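The following report concerns strand pairing, chain contact, helix packing and model confidence. Please read it alongside the structure shown here.

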Amino acid sequence: MIAEIGHFALILALCASFIQGVIPLIGAQRGRSDWIALARPTCQTSFVLVGISFAALTWCFYVNDFSVAYVAGHSNTQLPIMYRLSAVWGGHEGSLLLWVFMLVSWAFSVAQLSKTLDSAMVARVLAVLGLITFGLLLFVLFTSNPFNRLFPVPAEGRDLNPLLQDPGLIFHPPMLYMGYVGLSVAFAFAIAALIAGQLDAAWARWSRPWTTVAWAFLTFGIALGSWWAYYELGWGGWWFWDPVENASFVPWLIATALIHSLAMTEKRGSFKSWTVLLAIAGFSMSLLGTFLVRSGVLTSVHAFATDPTRGIFILLLFSIVVGTSLTLFAWRASQVKSIGHFEIVSRESFILMGNVFLVVAAGSVLLGTLYPLLIDALSLGKISVGPPYFNAVFVPLMTPVALLMAFTPLMRWKQDRLPEAVLRIKWAGVTAGLAAVIMPLLMGQWTPLVALGCFLAVWVGGSVVIQVAGRLRSGFPPISYWGMQFAHFGIAVFMIGVTMVGGFQEEKDVRMDIGDSVTVGGHQLVFKNLASVRGPNYMAARGTFEMRREGRVLRELYPEKRNYFSSSMPMTEAGIDIGLTRDIYVSLGEPLEGSAWAVRVYYKPFVDWIWGGCVLMGLGGFFAIADRRYRTAKVKRHSLVLGSKAAA
Amino acid sequence: MRAKFLIPLGIFMVLVGFLAAGLRLKPSEVPSPLVGKPAPAFTLPTLSDPNKSFSPADFRGRVWLLNVWASWCVACKEEHPVLMDLARQNKVTIVGLDYKDQRDAALTFLQRGGDPYRFSVVDESGRVGIDYGVYGVPETFLIDREGVIRYKHIGPVTPKVLEEKILPLVAALGQQ
Amino acid sequence: MRQVCLLLIGVALASVGFAQTGAREALPLAQDPIVEKRLNEIAEEMRCLVCQNESLAGSRSELALDLRREIRTLIREGKSNQQIRDFMVARYGDFVLYRPPVKSTTLFLWIGPFVLMAGGFLALIVALQRRKRNRLTTVLSTADMKRAETLLKGEK
């Protein structure tokens with residue numbers, strides 16, 4: 001019954017989003033205020049209806065309703081409650097419903113927080129979001145309905161993939177989708193502005209906070225995924241340039257370019273067409289990512305099991321949404337005049353340069369990801385493009401971006417002189433140069449690549465210090481100032497993590513019997529004991545390892561080898577000692593003869609700085625939108641009232 | 001001024017074209033670089049009599065199929081009746097390559113389903129399989145009179161594949 | 001005196017015994033760590049053909065185990081990294097390499113990003129210079145010039 005309610009709610013939402021998409025849009029064009037006024041209510045209705053649907057599906061999982069095919073395929077009675085609930089987004093249909101729920105939530109937020117925005121504009125923005133919602137709901141209802149029933153009803157479900165039974169995987173998809181899908185708001189604002197022919201600083205000011213928040217969530221989402229892969233998969237890696245990982249990274253790069261571009265358009269009135277194009281590109285990349293992950297077109301561990309019909313449908317949706325937007329862009333953008341004059345040496349042009357490099361980087365990741373498909377489609381053979389390619393290409397592409405990141409905030413608007421700008425940053429340059437020489441040696445070995453990483457990290461971090469020191473002289477700045485500083489500093493921290501782990505990690509693959517020890521990174525690990533442990537839906541062999549440093553026992557680690565009842569593949573749970581300057585990582589391999597086991601241990605210096613840096617970046621994003629200007633609702637209304645009183 | 005704004009749309013249309021083409025491809029299928037090259041040499045014992053052995057050179061002058069199979073392979077059971085049928089038609093000799101298998105299990109498998117092979121050879125370690133670029137079972141190679149691999153089929157052989165690809169090629173090669 | 005000596009010997013033996021309770025150092029899993037190191041270097045850049053995008057080094061599938069064993073044999077036979085790569089490509093095609101070989105079909109892949117970067121940079125410089133030129137050479141029409149003069153004179 002509940003499932004049917006969920007299904008019916010989706011059908012109603014389909015109708016609501018259709019009305020939301022069409023009527024207000026025509027109303028805004030024709031100036032019909034009654035049609036314009038339909039935007040918010042239909043948007044709120046869609047939100048409530050999809051919410052009901054999502055709640056219904058969650059309920060089905062909660063009560064183990066195996067008559068619903070999707071529930072039977074991804075859950076069972078022995079699954080712990082929190083995984084029973086997160087299993088809602090464990091498969092294609094459910095995660096797609098989550099996608100749609102995020103979309104209507106974002107649209108709802110826009111509807112609620114845009115009271116001071118011109119109503120015709122709001123109508124257009126919500127209409128665009130409504131049209132996208134409509135398209136996705138069509139997809140869900142026709143090809144990916146999570147509420148399909150199953151007869152005969154099985155007594156027990158199949159179980160959630162053991163890899164997904166983990167806290168990290170509870171939060172990773174929702175956060176990722178918040179980001180991915182949130183880029184639709186910037187997209188909707190851009191399209192609305194193009195339709196209205198109104199690309200002004202106000203549009204940029206409105207788009208900025210929404211885009212920044214979406215970017216921050218996307219940053220957190222990707223970082224969570226990376227951290228999860230590190231501690232769960234047992235091979236100590238944190239990024240594999242897998243097509244699905246790339247599918248989330250490309251929108252991130254574009255979104256980064258977009259938030260900088262929006263800042264320019266808002267502050268200086270420049271780059272309007274470019275910013276609009278980026279806004280369209282960002283969400284397009286989100287849609288492309290959705291296509292790549294669910295169409296079976298690329299091979300990936302992450303990819304959902306799917307069939308060609310779904311692939312065709314998403315491709316159609318993608319083509320219509322992006323094709324229409326780019327046509328609109330080609331038509332209207334040429335009429336847009338950007339103001340703002342600036343020299344070739346100025347902060348504006350340097351930001352634009354950074355933008356160009358970020359977009360090239362995004363394009364290159366996309367190229368590498370799609371190249372095998374390109375070559376195969378042209379019948380030119382079959383190749384693989386993996387981490388060696390991406391690592392070789394990405395580092396040279398991002399180095400100029402890192403160089404610019406430190407330099408540009410210290411440049412003057414409109415006009416600057418290079419020699420003077422260089423002088424402003426000299427302390428960061430000197431320190432970075434010293435760091436490039438000293439830091440690798442301190443860690444044990446000097447190599448050019450590690451030196452480069454250290455240089456860039458201190459270069460960027462040093463620039464932040466210079467900026468903050470300068471700014472503090474005129475009093476403590478508001479929270480929003482710290483946004484950019486945290487984000488850029490986060491990148492510096494991230495770079496230290498990547499450089500140190502890449503350059504100095506240690507790995508040992510050993511044969512251990514009870515009582516044996518292995519030393520890695522100055523730490524000694526002694527294999528004390530192996531016990532058989534029963535979990536709610538698995539049996540595990542749990543090892544006890546004593547971790548010592550210079551003779552002193554620090555703590556114990558408990559890596560496990562789990563056999564879930566529902567799966568034949570054994571799962572590893574690593575035992576990790578998390579530290580500020582390093583991780584010590586122990587993972588059980590296979591049992592050998594007698595009581596011996598194959599054990600793998602890692603010393604990972606500064607690895608947590610990778611995700612720590614990402615957290616700083618995301619925080620920076622949230623700080624940036626705490627700007628007083630965005631809390632203008634009260635201020636504006638107040639001044640409007642005063643103004644009208646004064647005029648009277 | 002107008003023209004440059006059409007560039008993004010142009011690039012996009014090309015991209016969609018490739019993605020649409022991509023939907024018809026099979027990304028995890030590995031085509032063989034051995035097609036058109038001489039079949040790698042080997043000498044392996046036969047399944048029925050370990051004292052006898054076979055090399056591809058022994059079959060110079062005839063067109064034949066090398067079918068990689070195993071008793072533990074589920075898809076091979078699917079393919080088996082098709083091979084039995086083909087053997088009855090007697091259009092081409094089929095030699096089996098028993099891949100990473102146990103002799104007893106293999107013999108039992110053939111007893112139960114019938115033996116479509118002229119004979120099978122045993123590749124216990126899988127070493128010969130590596131030379132032939134075998135990555136999954138079943139796989140079938142079509143080898144011509146000069147000992148050159150002319151066609152490789154990945155996955156179970158179906159009547160459709162026989163009709164459309166393999167048998168016509170056998171006939172064409174037979175003419176020469 | 002004898003008792004003191006015995007006591008000292010006893011203490012010495014005991015302390016040696018205590019030292020031995022420091023655990024025994026584990027042996028590497030691999031037969032030959034040097035071969036293993038080279039194997040990892042090579043196998044990390046190769047694809048596991050039966051997995052959903054995993055490297056040959058990390059995969060636990062049967063085929064991966066067989067292929068790693070094969071590569072160890074080749075290393076012990078003294079083959080170079082390139083020879084081993086050629087061995088694998090001869091049997092499985094370019095698909096097995098995670099680092100795509102540089103050939104005519106992959107030229108666009110390898111050069112593309114850098115061409116794009118240079119191109120983007122140049123396009124930016126050109127666009128910025130054009131902007132500057134447009135601004136500087138915006139000339140008023142003669143009618144407008146006259147109007148401007150009249151207005152300016154009127155202001156005085």
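Arg511(A) stands opposite Ala598(A) in strand 10 of chain A, and the bridge partner of Arg511(A) in strand 2 of chain C is Leu27(C). Helices (H or I, at least four residues) and strands (E, at least two) are DSSP runs, numbered from the N terminus. This is a predicted model, in which local features need pLDDT of at least 70, side-chain atom pairs count only at pLDDT 80 or more, and totals for chains, interfaces and linings use all residues. Residues are numbered from 1 along each chain as its sequence is written, while chains are lettered from A and ligands numbered from 1 in the order in which they are written.

Two strands pair if DSSP finds at least two bridges between them. The two pairings of strand 1 of chain A are listed below.

| Strand | Partner | Sense | Bridges |
|---|---|---|---|
| Strand 1 (residues 506–512) of chain A | Strand 10 (residues 597–605) of chain A | antiparallel | seven bridges |
| Strand 1 of chain A | Strand 2 of chain C | antiparallel | two bridges |

Both pairings belong to an open sheet of five strands with antiparallel pairing, in the order 8(A)-9(A)-10(A)-1(A)-2(C). Its edges are strand 8 (575–578) of chain A and strand 2 (27–28) of chain C, each of which pairs on one side only.

Beyond the sheet, 41 residues of chain A are in contact with 33 residues of chain C, contact requiring C-beta atoms, placed from the backbone, within 7 Å. Two or more residues on the chain A side come from each of helix 13 (347–377), helix 14 (387–407), strand 1 and strand 2 (516–520) of chain A. Helix 13 of chain A gives the most, with twelve residues. By class, the chain A side has 24 nonpolar, twelve polar and five charged residues. Here Ala, Val, Leu, Ile, Met, Phe, Trp, Tyr, Cys and Pro count as nonpolar, Asp, Glu, Lys and Arg as charged, and the others, Gly among them, as polar.

Elsewhere in chain A, helix 7 (residues 119–143) and helix 8 (residues 167–196) pack at an angle of about 125°, with their axes 8 Å apart. Helix 7 and helix 8 of chain A are therefore oblique to each other. The contact includes Met121(A) and Arg124(A) of helix 7 and Ser184(A) and Phe189(A) of helix 8; its residues comprise eleven nonpolar, one polar and one charged.

For chain B, the mean pLDDT (the predictor's confidence in each residue, from 0 to 100) is 92, and 98% of the residues reach 70 or more.

Definitions and conventions. Axes fitted to C-alpha atoms, helices over the stretch in contact; angles between N-to-C directions. Parallel < 35°, antiparallel > 145°, perpendicular 65-115°, else oblique. Contact = placed C-beta atoms within 7 Å.
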